[in-house]
Amino acid sequence: MKTKLLFIALSLFWCNSFAQEDSIKTVKEKVKITTGKINVGVNQYKSFKISDRQNPFEFTVSGQPLIQYKSFYMPINFLVSTLSRKNQQPYNYIGFIPTFTWGRFYVGDTYLAYSPFSLNAHRISGLGFDLYPGKHFRVGFIYGRMQRSVTEDFSIPDNPSTFLVETPFPAYGRYSFAAKLGWVIKDSTYIDLLVFKGKDRLNSIPDITSIGEDGLKVISPAENLVVGSKFNIRLGKRLFWITDMATSLYTANQNAEPFEVSEVSNPLINRLQRSLLSNFMNVNSSSQLSYGAESAISYWDSTFSFKLKYREISPNYKSLGSYNNFYDTDVRRLNFASSLQKMKGKLVMNSSLDYEQNNISKNNFYTGKTLLGLAEILFFPSQKFGTFIQYTGTLSNQNAKGFTRDQYGSTSNLHNVSMVSRLTFDTPKVFNLITLTAMYNNIQNDIVFESVKTPSLFNIYTLNLGYNLTLLKKASTIDAGLWRVNLSDIDKKTQSNTGLNAGYSQNFLKNKASAGGSYSLFFNKYGDGNFGNTHQFGLNLNYAVVQGHKIWFRASLLNNAVDAPTSDLKPFSEVRTSVGYEVDL
């Protein structure tokens with residue numbers, strides 16, 4: 001951590017020194033930090049009557065400065081903290097992106113998105129570049145660590161009553177590279193060829209064959225190769241065809257036994273195992289070949305746009321370059337979305353309709369079909385008034401293979417209606433804002449198992465009214481709010497939460513300093529009984545030492561009172577404080 005702090009300090013010192021030297025030489029264009037912020041903060045936390053829900057002490061240094069010199073600029077992003085450094089993805093990071101007119105370089109931590117099926121915004125700590133050595137040609141590459149090795153430390157006990165992960169989950173060190181080769185024709189028409197390769201290093205942690213009595217923490221070293229393409233073709237002045245596709249060869253365990261010819265259920269896997277690819281990729285009995293693709297036709301102009309998209313993903317598709325790892329596999333989906341603007345953009349109407357079907361391989365016991373719809377209206381006739389209304393609905397069913405829906409299956413209907421409105425009226429001295437938010441959710445489920453039907457029904461009502469008053473000449477703000485959430489189930493049992501909040505802030509010392517406080521109260525009720533109430537107090541102090549430099553202090557107290565404590569419902573209190581220094585570059 002000290003090394004990273006020294007590295008950041010030296011980098012910023014070098015930039016400031018360079019700028020001063022440039023000024024001495026009277027060069028017209030200086031090296032300068034044009035935008036961004038640097039924050040230093042200390043957080044403390046204390047709980048009473050419950051286990052800690054966050055670390056008692058945290059120290060962070062973060063920033064996003066942008067260094068610029070003529071046509072060269074370099075964004076820097078960093079976070080150095082005392083947060084846990086034992087996880088697969090550490091909280092701390094630092095990344096530089098030196099950028100020129102003909103390309104950019106990536107140094108340190110970065111998040112690149114080549115395509116949704118290969119490298120998709122997964123964090124990589126390493127080196128990379130995107131180059132544009134001509135009007136039509138582009139090339140990209142990155143190599144680095146995606147996941148660091150973690151050896152489980154059983155000396156750190158698990159704490160089941162806290163949200164903190166006390167015992168780090170074991171993980172192999174994972175390294176990867178990704179490459180992109182593209183050709184840009186003209187008029188937003190291009191094609192990219194993509195390759196991604198990720199691999200766990202076998203010697204990065206001790207051999208793991210069994211961890212824990214339940215066996216839930218057994219891990220295997222994985223390896224993955226993804227080859228894909230992405231293209232965008234301009235079919236007309238405002239009509240485009242966009243396609244992403246990829247094939248993934250995923251080996252779940254590098255130590256698995258090789259395929260025997262007599263055991264091979266997929267002849268293609270066997271051929272890959274015996275091909276030259278085996279020198280580049282570990283192919284064995286845990287390997288699986290899968291694909292993912294999506295294609296869309298889109299049109300847009302100043303008042304109307306639409307997109308028609310088809311997406312299909314084969315069973316168990318995986319890419320180590322994506323965080324979500326495609327939980328919605330073995331599925332096909334068709335989507336249509338449109339947007340229409342009227343009254344010079346004051347009225348906007350959006351809609352979308354999705355049809356989804358899973359089990360396209362016909363290998364699963366259940367087959368599901370889902371229809372999702374959305375319609376929304378945004379109406380802002382003036383600066384004083386505006387409203388947003390939205391409806392979303394989902395209809396889905398699951399059918400069991402070889403059975404009727406009355407024997408095995410399920411149906412689900414979800415409906416949501418929401419509205420957000422605002423009204424403003426102001427004078428040269430006063431600004432008033434009133435907001436109203438209302439929401440209704442209806443959730444119905446019918447599950448049939450062995451001809452026995454189990455229905456469920458939930459209705460949720462939410463209402464929130466807020467008011468904000470700003471006294472412009474006095475530089476003070478007052479806000480208040482009321483809200484209520486009511487939930488009822490199929491047995492007419494109700495649960496409600498009612499709350500109010502108020503706050504006040506004031507600027508003084510010619511706006512160099514500000515102070516603010518807030519209070520909120522929540523009443524919790526279930527049926528005819530009261531669960532109790534929750535009080536929360538907040539304090540916010542700021543002082544500008546000089547222009548662009550600010551000291552800040554935050555504090556909050558939360559007290560949860562329970563009328564009838566149980567093993568799962570207990571009274572508790574929490575205190576959080578933070579102090580820091582912020583530089584606005």
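**Note on two buried polar residues in a predicted model**

1. The side chain of Asp 109 makes a polar contact with that of Arg 123 at 3.4 Å, a polar contact being a pair of N or O atoms within 3.5 Å, where within protein one must be able to donate a hydrogen and the other to accept it, and residues adjacent in sequence count only if both atoms are side-chain atoms. A further polar contact, of 2.2 Å, links the side chains of Asp 109 and Ser 125.

2. This is a predicted model, in which local features need pLDDT of at least 70 and side-chain atom pairs count only at pLDDT 80 or more, while totals for chains, interfaces and linings use all residues. Residues are numbered from 1 along each chain as its sequence is written, and side-chain values use heavy atoms, with hydrogens and water left out.

3. Asp 109 belongs to strand 8, residues 103-113 (strands are DSSP runs of E, at least two residues, numbered from the N terminus). Asp 109 counts as buried because its relative accessibility is 14%, the cut-off being under 20% relative accessible area with a 1.4 Å probe and protein chains only. Residues up to four places away in sequence aside, Asp 109 touches residues including Asn 92, Tyr 93 and Ile 94, where contact means heavy atoms within 4.5 Å.

4. Asn 441, in strand 22 (residues 430-449), is likewise buried, with a relative accessible area of 18%. The side chains of Asn 441 and Asn 416 form a polar contact of 2.5 Å, and, neighbours within four places in sequence excluded, Asn 441 is also in contact with His 415, Phe 458, Asn 459 and Ile 460, among others.

Methods. Helix = DSSP H or I, 4+ residues; strand = E, 2+ residues; numbered from the N terminus. Buried < 20%, exposed > 50% of the residue type's maximum accessible area, 1.4 Å probe, protein only.
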